[in-house]
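Visitor: Pick one part of this model and take me in for a close look, then work outwards from there.

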Amino acid sequence: MTIDALGAILLIPSLSAALLAILPGYMLAAKLNIVAALATFLTSLSLFVIEPTSGQYLLLDDLNKVFIVLTTFIGFTTSVFSASYIHHEIEIGRLTPAFLRFYHAMYQVLMFAMNLALVANNIGLMWVAVEVATLTTVLMVGIYRTHEALEAAWKYFILGSVGIALALFGTILVYMAARPAVGEGLDGMVWTVLVKHAAQFDPALLNVAFVFLLLGYGTKVGLAPLHAWLPDAHAEGPTPISAVLSGLLLNVALYALLRFKMMLAINSEAIAPGPLMVTMGLISVIFAALMLYRRRDIKRMFAYSSIEHMGIIVFAFGMGGPLANFAALLHMAMHSLTKSAIFFAVGHIAQVKGTQKIAEIGGLTTTSPVLGWGLMLGVIAIVGLPPFGIFMSEFLVVSSTFARAPWLTVILVLGIIIALGGLFLRVGVVMFGEPKGKTAPAEASYVPMFTHLGLVLMAGIYLPPVLVTGFQNVAKLLG
Amino acid sequence: MSSLQFDIAHLLAGSLVLASFMMLYQDRLYALLNVYVLHAGVLALSVGWQAYVQQAPHLYITALIALVFKAIIIPVALHRIIKRLGIHREIENVIGIGLTMMAGIGLVALSMVVMLRVTPGADALAREDLAFALSVVLLGLLIMVTRRNAVSQVVGFMSLENGLVLAATGAKGMPLVVEISVAFSVLIAFIVIGIFLFRIRERFDSVDVQALDRFRGERR
């Protein structure tokens with residue numbers, strides 16, 4: 001069997017993970033990590049040129065192409081950020097070279113698992129991949145071994161495992177629902193086969209299955225009230241992992257959910273998954289927006305902002321229809337780019353100041369102007385102000401749903417505005433208040449952060465037509 | 001399928017629910033662990049019986065994994081960990097045993113109502129299995145929320161996982177069952193028990209999860 005691009009985006013991370021696990025010397029390892037991530041990204045780009053054929057295990061369609069490119073791109077930029085981040089962690093002795101070997105290997109395992117979840121054509125395989133991704137992040141969150149990190153990792157492990165267990169139960173139920181129509185054996189779990197026959201599935205069983213899948217994968221998406229693990233995991237782990245968690249892993253779980261939503265949409269007798277998703281999305285938006293006001297830890301604050309944005313995305317996907325789906329996809333891409341850029345900035349800021357407490361950080365725009373203004377731009381983008389891309393995607397979400405459900409849209413807008421207030425209130429102190437904390441010059445890599453922000457800005461001003469048609473195709477696919 | 005075969009399968013799956021109930025009220029770690037061994041043993045028997053009934057040889061592997069990993073290796077390892085941590089004292093329940101049992105009965109009733117109602121089309125064995133499996137899953141969740149000790153939370157989670165394996169074997173011809181159970185076993189064996197308990201212990205001098213709660217990022 002020859003290895004096509006789909007195989008390669010799995011093979012490159014897994015081989016590099018093995019190599020990084022045995023490679024001593026963290027400087028070299030960090031470089032290799034970047035090279036591997038770049039190679040994966042370039043390979044994923046080649047999917048646009050030569051389309052590999054989907055098989056029984058791996059699948060490529062318009063939907064996962066978007067996710068794969070986004071994942072591998074942010075995986076690459078984060079690896080660049082990670083190199084300068086860990087350099088500092090080694091210097092101050094928070095991490096030792098032995099831990100870093102483990103960290104780099106785990107980083108590539110995580111990339112492998114996320115790519116596998118995205119390309120898997122088998123709902124069982126997809127589940128296994130999400131589980132592996134969860135486990136690797138659990139290990140990485142706990143890597144500092146402080147009280148807080150262990151607590152966060154334990155909580156994440158327990159909640160994540162329960163979530164993923166429920167998702168497995170849902171997956172089994174889908175198989176049960178499909179068995180009369182597609183027969184026993186492997187076919188009953190192959191996504192492409194399932195979709196073809198979804199109209200004949202037992203609707204009642206499919207409904208129950210979706211509830212389990214929504215609860216299970218919803219936990220991983222970080223939807224309220226299943227979000228409890230998310231702020232801790234973001235706050236206590238290394239910042240590159242926070243960036244990957246927010247920017248990518250939440251998307252991967254969402255992707256799994258979307259696949260099953262598509263299946264339910266085909267079966268006319270099953271419940272419409274939309275209202276459930278809309279409800280959970282709205283609850284998440286409102287809840288996270290209110291929670292933003294009481295945050296004292298800067299990474300934790302942006303973790304709540306991630307919950308809010310996942311809420312918006314799930315809301316929009318729940319509303320459905322070509323326009324709302326388009327808006328949701330755009331918002332997802334924009335959120336991933338912006339939030340990881342914010343975490344890049346926050347990571348360096350926390351290193352410069354030696355703390356994550358908002359009260360102990362102040363006057364960033366005077367002490368480290370580049371980082372400070374970088375974060376400021378990120379925050380302006382994330383709250384949805386023009387001219388950044390999130391403004392456009394939020395505008396699209398709101399305008400596309402307003403005609404259909406004005407009241408829901410009012411609640412959504414309210415949530416967005418509350419969140420804007422909360423974020424500005426806190427960030428204002430950090431940015432413009434009296435300079436506090438250490439003022440050591442930052443040794444930061446600004447390139448990943450400004451690349452992301454530049455892309456978000458560009459998307460806000462001008463979306464290339466290629467991208468628009470691409471997203472439109474996916475939106476149509478989602479129904 | 002003859003009615004005897006069905007009855008035996010039914011009996012074994014029902015015993016699994018019963019074993020879950022037994023775990024609910026164990027207030028000592030060793031006792032809890034012993035009931036878990038019983039739980040895993042019943043699971044292995046149940047899966048083995050399904051393998052025979054469905055004539056699916058790959059399920060024998062699943063049964064063997066359940067027996068070796070879950071009924072022998074993990075309990076022995078946990079036993080040693082408990083001993084080394086010196087925590088073989090009583091475990092406290094957050095809410096009373098009576099209430100926990102009532103909640104457990106409620107959960108089983110719920111899963112019966114839900115699963116039996118939505119699966120009139122499926123064959124009888126699969127229906128019963130799914131209903132029992134959901135009960136075991138929910139009881140496992142209940143065990144996890146009523147315990148504060150990290151070790152008993154892990155045991156609760158493992159019993160939950162047994163419910164999933166039961167569901168997967170009940171679904172006739174389900175592929176990947178073996179892989180899934182292997183993935184799950186690896187998960188439990190390597191990560192949780194080995195690394196975390198010791199790290200937590202090392203940091204907190206306790207595996208009471210309440211001690212963890214005091215160290216939340218924002219309280220101080």
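Guide: What follows starts at one helix in chain A and then moves on to chain B. This is a predicted model, in which local features need a pLDDT of at least 70 and side-chain atom pairs count only at pLDDT 80 or more, while totals for chains, interfaces and linings use all residues. Residues are numbered from 1 along each chain as its sequence is written, with chains lettered from A and ligands numbered from 1 in the order in which they are written.

Go to helix α9 of chain A, residues 229-236. Helices here are DSSP runs (H or I, at least four residues; strands are E, at least two), numbered from the N terminus. 8 of the 8 residues in α9(A) are buried, so the rest of the structure largely encloses this helix. Buried means 20 or more other C-beta atoms within 10 Å of a residue's own (exposed is 12 or fewer, partly exposed is in between, and C-beta atoms are placed from the backbone). That buried set takes in Trp229(A), Leu230(A) and Pro231(A), but also Asp232(A), His234(A) and Glu236(A). Among what covers them are α5 (123-141), α6, α10 (239-266) and α12 (298-319) of chain A.

Two of those covering helices turn up again elsewhere. Helix α6 of chain A (residues 147-182) gives 24 residues, the most of any, to the largest nonpolar core. That core has 253 residues, and Ala117(A), Ala129(A) and Val252(A) have the most contacts inside it. A core here is a set of buried Ala, Val, Leu, Ile, Met, Phe, Trp, Tyr and Cys residues joined through C-beta atoms within 7 Å. Beyond four places in sequence, Ala129(A) has contacts with Ala113(A), Leu116(A), Ala117(A) and Ala120(A); a contact is two backbone-placed C-beta atoms within 7 Å. As for α12(A), its mean pLDDT of 93 is the highest among the elements of chain A, with α14(A) (residues 364-367) lowest at 81. pLDDT is the predictor's confidence in each residue, from 0 to 100.

One more stop in chain A: Met291(A) sits in helix α11 (residues 273-291). With 21 C-beta neighbours inside 10 Å, Met291(A) counts as buried. Its C-alpha is 8.4 Å from that of Met301(A), 10 residues apart in sequence.

Now hop over to chain B by way of Ala171(B), in the loop between α6 and α7 (177-204). Ala171(B) touches Ile172(A), Tyr175(A) and Met176(A) as well as Ala126(B), setting aside residues up to four places away in sequence. It counts as buried because 25 C-beta neighbours fall inside 10 Å.

Helix α6 of chain B (residues 150-170) meets α1 (residues 3-24), their axes coming within 11 Å and crossing at roughly 170°. α1(B) and α6(B) are therefore roughly antiparallel. Ala13(B), Leu16(B), Ser20(B) and Met23(B) on α1(B) meet Ser159(B), Asn162(B) and Leu166(B) on α6(B). Chain B as a whole has 8 helices and 0 strands, and 45% of its 220 residues count as buried.

How far to trust it? Chain A averages a pLDDT of 88, with 99% of residues at least 70; chain B averages 79, with 75% at least 70. The model scores ipTM 0.87 and pTM 0.91.

Definitions and conventions. Axes are lines fitted to C-alpha atoms, for helices over the stretch in contact, and angles run from 0 to 180 degrees between N-to-C directions. Angles under 35 degrees count as roughly parallel, over 145 as roughly antiparallel, 65 to 115 as roughly perpendicular and the rest as oblique.
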